[in-house]
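Visitor: Please take me through one part of this model in detail, residue by residue where that helps. I would like one connected account rather than a list.

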Amino acid sequence: MKTIVCKTEEETHSLGRRLFRALPVPSFVALYGELGAGKTALVRGMGAEAGTKEVRSPTFTIVHEYETEPRLVHFDAYRLADAEELYAIGFEDYLTQQAVLVLEWAERVPEALPKERLELRLFGSGDEPRTVEIVPFGTAYESVVDAL
Ligand SMILES: Nc1ncnc2c1ncn2[C@@H]1O[C@H](COP(=O)(O)OP(=O)(O)OP(=O)(O)O)[C@@H](O)[C@H]1O
Ligand SMILES: [Mg+2]
């Protein structure tokens, strides 16, 4: 595990950029953290690195896809009652695609997470600095953690 402190939203955004550069394709990133922890801020950084500025939280639609290179697919499980609702939008098909997948509110759908994944747990809210714990599950993600 690695712990990174992001003092400002810009630092969280910049971590998202570095993360996107370091990730293999395909890859899966599970984000944990309460309301306002900075999950979407981090994904905005990932999107900026991919080449899109339009990242907004897919809270109501569950998924947003960006036709970047590599493709970025952004999920939000906040409003889901259970993993079945995630499977209903074709989640398992996304897992087979050549894309970078990132999921907010991973704590809501623990059973749906792929075995090999990178977990980021964000702590802190409001104007506090954010502490980000980064844990690799699977050898492919160990080098990602080292690169951050
Ligand atoms: N160090 C920081 N990193 C990230 N965001 C910060 C930081 N400091 C303050 N903020 C603010 O915290 C808020 C984070 O909002 P964001 O939408 O990214 O959170 P979230 O975890 O996606 O919340 P939700 O669960 O509602 O999806 C923003 O208003 C941002 O400006
Ligand atoms: Mg969000």
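Guide: Two residues are taken to be in contact if their C-beta atoms, placed from the backbone, lie within 7 Å. The model is predicted, and the part chosen here is the end of strand β4 at Asp-76, followed outward to its surroundings.

Asp-76 lies in β4, which covers residues 71-76. Leaving aside residues up to four places away in sequence, Asp-76 touches Ser-57, Pro-58, Thr-59, Ile-62, Glu-104 and Trp-105. Asp-76 has 24 other C-beta atoms within 10 Å and is therefore buried, the cut-off being 20 or more. By contrast with these contacts, Val-132 is 56 residues from Asp-76 in sequence and 18 Å away in space, C-alpha to C-alpha.

Two of the contacts of Asp-76, Ile-62 and Trp-105, deserve a look at their backbone. Most residues other than glycine have a negative phi, and most peptide bonds are trans. Ile-62 has a positive phi, near 75 degrees, and sits in the loop between α2 and β3. Trp-105 also has a positive phi, near 65 degrees; its place is the loop between β5 and β6. Their burial can be read from the neighbour counts. Ile-62 has 19 other C-beta atoms within 10 Å, so Ile-62 is partly exposed. Trp-105 has 20 and is therefore buried.

The backbone ahead of β4 has a feature of its own. The peptide bond from Glu-69 to Pro-70 is cis, with omega near -5 degrees, and Pro-70 belongs to the loop between β3 (63-66) and β4. Another cis bond runs from Val-25 to Pro-26, with omega near 0 degrees. Pro-26 is in the loop between α1 and β2 (27-32), and that loop leads on to two further elements.

Take β2 to begin with. All of its residues are buried, 6 of the 6, so the strand is largely enclosed by the rest of the structure. The burial applies to both faces: Ser-27, Val-29 and Leu-31 are on one side, with Phe-28, Ala-30 and Tyr-32 on the other. β2 runs parallel to β5 and is joined to it by 4 bridges; within this pairing, Phe-28 stands opposite Leu-101. β2 is also parallel to β6, again through 4 bridges, and here Val-29 faces Leu-118.

From β6 (residues 117-123) the pairing passes to β7, in the antiparallel sense, over 7 bridges. Arg-117 stands opposite Phe-137 in this pair. The two strands form a hairpin with 6 residues between them, and Gly-124 in the turn has a positive phi of about 115 degrees. β7 pairs with β1 as well, antiparallel over 5 bridges. One of the partnerships there is that of Val-5 with Thr-131 in β7.

On the other side of the Pro-26 loop is α1. At 1.5 Å a residue, the 14 residues of α1 should span 20 Å, and the C-alpha atoms at its ends are 20 Å apart, so the expectation is met. The buried residues of the helix are Thr-12, His-13, Leu-15, Gly-16, Leu-19 and Phe-20. Viewed down the axis of α1, these residues fall within an arc of 155 degrees, so they line one face of the helix. The spacing has a simple background: an α-helix has 3.6 residues a turn, so residues three or four places apart point the same way. The cover over the buried residues of α1 includes β1 (2-6), α2, β5 (99-104) and β7 (130-137).

α1 also leads to the ligand. There are 20 residues around ligand 1, and those that come nearest are Thr-12, Gly-38, Lys-39, Thr-40 and Ala-41. The elements giving two or more residues to this shell are α1 (9-22) and α2 (39-50). By class the shell holds 6 nonpolar, 7 polar and 7 charged residues. Thr-12 thus appears twice in this account, as a buried residue of α1 and among the residues nearest to ligand 1.

Methods. Residues are numbered from 1 along each chain as its sequence is written. Chains are lettered from A and ligands numbered from 1 in the order in which they are written. This is a predicted model: local features need pLDDT of at least 70, side-chain atom pairs count only at pLDDT 80 or more; totals for chains, interfaces and linings use all residues. A residue is near a molecule or strand if its C-beta atom, placed from the backbone, lies within 6 Å of it. Ala, Val, Leu, Ile, Met, Phe, Trp, Tyr, Cys and Pro count as nonpolar, Asp, Glu, Lys and Arg as charged, and the others, Gly among them, as polar. The expected span of a helix is 1.5 Å times one less than its number of residues. A residue is buried if 20 or more other C-beta atoms lie within 10 Å of its own, exposed if 12 or fewer, and partly exposed in between; C-beta atoms are placed from the backbone. The arc is that of the directions from the helix axis to the C-beta atoms. Two strands pair if DSSP finds at least two bridges between them.
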